[in-house]
Structures are given as C-alpha cells and as structure tokens.
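Biologist: Can we go through this model together? I'd like to hear what stands behind each label you use.

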Amino acid sequence: MVDLTVKIGALTLKNPVMTASGTFGYGPEYADFFDVAQLGGIIVKGTTADAREGNPYPRMAETPSGMLNAVGLQNKGVDWFCSHIYPSIKDIDTNIIVNVSGSTVEKYVECAAKIAALDAVPAIELNISCPNVKEGGMAFGVTAKGAFEVVEAVRKVYPKTLIVKLSPNVTDIASIARAVEYAGADAVSLINTVLGMAVDAERQRPVLSTVTGGLSGPCIKPIALRMVWQTAKAVRIPVIGMGGIASAADAVEFMLAGATAVEIGTANFIDPAVSAKVITGLSDYAGRHGIAQICELTGALRV
Amino acid sequence: MTKYNRIFRVADNRRPSPGYSLIRLQSDESLPPMVPGQFVSVRVDGVQHTFLRRPFSIHNVDADDRALELLIQVVGEGSARIAALQPGDSVDMIFPLGNGFTTDIAPASEVLLTGGGAGIAPLLFLGKELRQRGIVPTFLLGGRSAANLIRMDAFEAVGRLCCTTEDGSMGERGFVTQHSILQDRRFDFIYTCGPRPMMAAVAAYARRTGSPCEVSLENTMACGIGACLCCVEDTRQGHQCVCTAGPVFNIEQLKW
C-alpha cells in the first residue's frame, strides 16, 4: 500500500492531486463523473471582493494542444461565495481551497479575511498571476516587490495555509518565488497561464475580445516543468506544480522536478474524470517503482 | 439531470449531402432521459490542431435501440474527424448536456420550428416530441442552396415542411424570415436554431407578432458543464453559460 499523502503548510492532502482554479467550478459540476472527495484538494473558481462580470465573449480560442482563455475572473464576489456556495460544498470530504484575486492590495486583504472566517476552508491560493484582468492580478505577480507587498498584507489577515499562485510571464520566476516566501507564504503554485494570442486570418481580427489571453493545456507543460524545477531549487516552501498535466506520468514528471503536489486544469475539460485516473496512476507508478511514500518523488530527478 | 460519460459505438454514418454527416451512435446500456435542445460533447482524438471536445445537438433519439443520432456539418478538423468515423468505431461522449426547449404547450398549438444549416439538427427531435403531444409542427428550413437542405424526408414525416434557399434552387428564394408562410400569421410558439443573424431575424419576427420564442445558441465552449465560463452569453441576467443556462434561451432573456 503506497502512502499518497503529502503536506502543504498545515494541510495534509490525501494525495497530491488537486484540481486547478477556473477549470473545476466549485466541485459539484464534476460530481456526476467521479467522487470528487477522492481528490487531494479542490481549488475553486477565482473569487474577488466584489462581483465581476468578466470579459466580453468570445473568451476562448482553441490552439494546438491547448486553449487560450480570457474569462477575466467572472464571479459573484466573496459575500455570495460565503452565503450561497460555501454551504453547499463545505461538507465535501477534501480540502476546499479558495483562489483569491483582487485589483488592489486592499481588495485582496478584504477577500482573504472573509475566507479566513470559513471553517471548512483550510487554505487559500492567492492569485497574483491572472493575465486577463487589466488593473490587477498579474500586475502584482510580475515584480518581486509587488508580489511581496500583496502577500505580506494578506499574511497579516490570513492565519491558515497561504498558497501563492505565480505567473510564468516573468523573466525570473525564482526571484518572485523567493519574495513570496520571504513575505510569509506557506507554498507557491505554478504556473498560471502563459500570455498568448490567437488571430482569425479570414476575418483579420483577434479571436478573443481582449486580443490576448492565457494559454493552457499540454502545450505549456515544458515551460511549466522548467519553472517548477527552477522554483523548487530557489525556495524551501513546497511547490505545487501545474501546466498541462493530463496523466499520472505528467504528474510524476512535475514531482520529480520538485513539486510536492500538482493541480490538474485544462485536462478536466477533455476528460472530466481525469483527476481520479491520475490518482490511481500515481499509486500504480509508486508500486511499480517500489516507492512507499509518494512524497519521495519530490525533487528526486536524477540530473 | 445526471450527466454521463460513456463510450458509444458508431452504428451507421451516412452523408446526406457533401459536408454533412448523419451519425448513429449506439450504447451498450439503456439511455437516460433526454429532451430536445440538449446536446452532447464528443471527444476528438488524433487531430493535430484541435484539442477540446465538440458539442453537437441531439438530432434524434431511438431509445428502444439505445441509439442517438447527430447531424454534423464539417467546419474544421474536429468535425471532419468525427464525420469520418466508420461503423464499429467507438466515440467517447458526455451527455445529455444543457437545457431543452419548452415542450409543455397546449395541444393543437400552431408552432414554428425554423433553422438553417446544421442548426436544423435539434429541430427534428423537437418536432417529434411536439408531435407526440398532439401538435403538428411547421418546419421552415433555410439554406444557401438545395445542397444545404438535408434530411427533408425526415422532417416531412413529422410535420408540415417549408423551405427557402438563397439561390432559389429549392423552396422559396430568400431567407427563412422572407417566406410567405410568415405573412399575416401568428404562431403560438416559435423555436429557432441556426446562424446568429438568422436567429436574430426570427427573434425580431417573433417580437413583431408577439409570439413566445426560444433560440438555441452555440457559443464556443470548452468544458460544456459550466466549469470554465468560456461560452457565456450577455443576457439580461448578466453573463450566463450557454452550456448550463442554455443552450436554449427565451428571447426575453437575451439582449437581442
């Protein structure tokens, strides 16, 4: 029997497989396809202090081995989440983690403080890397100073496990990760989407209403692996890896590169039960390789 | 409504016209209840430039044979791949998705089911359902030319059939909204599915005559189950997912 548990800050995950924010709704959307309580964690849709309508349609463009999105953090705001969504998901027997976004430091703090009051939410994932919101998100995540400021402010009001989601749209992700660690983050997760663009040649117009959007899917996996590798060497806190994971082998690759846990995102759209298959596959892999505890894989890459 | 992810087998694949495919998919298990207007999403493997599932309206259901039919127009690599499937091939499908058309209406109502291109697909299933409720539907189908008007025999077997073509090669020349059957006439209910400008013209006609009207939208989707928020329509209630709040909307919900 393989021990699949991993630790992220004060959290114990029953296995290293979580679902990425924005790809899994709040969890119940996938309940027809598998028991979502099997997951190590569910990172729910990005939540902001105030309601957001998101960007105009079209918000999605398919690309080879991936897709671009420009949803723009559509959500009904943290108060709606607390009153209408939280009650229906709080009893799911896994770690419910809320992805928190904002446009100013004050808004991040306001949102995080409200989520902190929810007993059944043991962690937040602070999103300083959304490429689709003009006034915020990624603006904090692309400089070490900006990242430090927002994490430090949220740390003061958020006593539970604080994960910070990093942007790949930077020159040196390791320096951002170090700044975030120094500001008190318990873990970092990466990568968010890669800034990209799609053009409709026939219409001679951009496909997305916002012109640019965030690229996800298997096409970004090599970039994500490289950044997880660089980040894991630069910080002491756990790294949660994501970017194009669609199989147990992909998850193993991220763990070998230094990830303690992984998030599955875009693959949920193609196979809604993919996460359950990854969990089973990790167990099989460990059995095949004589690994007693899955956490032994973290950073075990032989270079 | 419970959603299923199941493997179907291609029982038959016919070409009603160049660029179209009528695929019959069979399941080993009995089918769950499905209503007209709902859709399925089909996984597409082995194609270089596509990645996501493809959504298709349910064209016809044969519950006794555990089969459903999809009417597919080839528009890109993904639909081409699906249209090329051979009998015996397996198909990974998530179904049934979204909400259907309103079918709970008075018997003997005068109803219009109008569509164009592959948008006619859900109207056959809808027409059959209405027929079972004692309503003889009027189909008004439009296409660029006769080659785009497919499955006419199937529609004719279910209700009254009228058609238009832009080049006049079949039925009346023009768009569906120019058809003479709409002159001096009010329908008790209008359903439409097809290209957006066509649906907008039908919606305008319905508003003029004061008829309730439902449209089926096909905004580009990623997940099909309300998780990604990509396929939103800007409705009077704000951005709503076409895959879960629709694909069928009453025109009163829309801003057009």
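Modeller: Happy to, and keep in mind that this is a predicted model. About 520 Å³ of space lies in the second largest pocket.

Biologist: What makes a residue part of the lining of that pocket?

Modeller: A lining residue has an atom within 4 Å of a pocket point. For the second largest pocket, 22 residues make up the lining, and A:Q74, A:K76, B:L229, B:H239 and B:C241 lie nearest its centre. Two elements give two or more residues each: α1 (78–89) of chain A and β15 (238–241) of chain B. The most comes from β15(B), with four residues.

Biologist: How do those lining residues divide by type?

Modeller: Eight are nonpolar, nine polar and five charged.

Biologist: On to the largest nonpolar core: why do you say that it lies between two domains of chain B?

Modeller: Because domain 1 (4–97) and domain 2 (111–216) of chain B both give residues to this core, it lies between them. The core has 147 residues, and A:Y30, A:F81, A:L126, A:I128 and A:L166 touch the most other members. Its largest share, seven residues, comes from helix α9 (residues 274–288) of chain A.

Biologist: What is A:L166 in contact with, leaving aside its neighbours within four places in sequence?

Modeller: Contact needs heavy atoms within 4.5 Å. A:L166 has such contacts with residues including A:I128, A:I173, A:I176, A:V180, A:V188 and A:I191.

Biologist: And which residues belong to the other core?

Modeller: That one lies apart from the largest core and has 26 residues, among them B:F101, B:I135, B:I150 and B:Y191.

Methods:
Residues are numbered from 1 along each chain as its sequence is written. Chains are lettered from A and ligands numbered from 1 in the order in which they are written. This is a predicted model: local features need pLDDT of at least 70, side-chain atom pairs count only at pLDDT 80 or more; totals for chains, interfaces and linings use all residues. Side-chain values use heavy atoms; hydrogens and water are left out. A nonpolar core is a set of buried Ala, Val, Leu, Ile, Met, Phe, Trp, Tyr and Cys residues joined through side-chain atoms within 4.5 Å. Buried means under 20% relative accessible area, exposed over 50%, partly exposed in between (1.4 Å probe, protein chains only). Domain bounds come from an automatic or database domain assignment. On a 1 Å grid over the protein atoms alone, a cavity is a set of points where a 1.4 Å probe fits but cannot get out, and a pocket is an open set with protein on both sides within 12 Å along at least five of seven lines; lining residues have an atom within 4 Å of a point. Grid points are joined across faces, edges and corners, and a volume is the space filled by probe spheres set on the points. Ala, Val, Leu, Ile, Met, Phe, Trp, Tyr, Cys and Pro count as nonpolar, Asp, Glu, Lys and Arg as charged, and the others, Gly among them, as polar.
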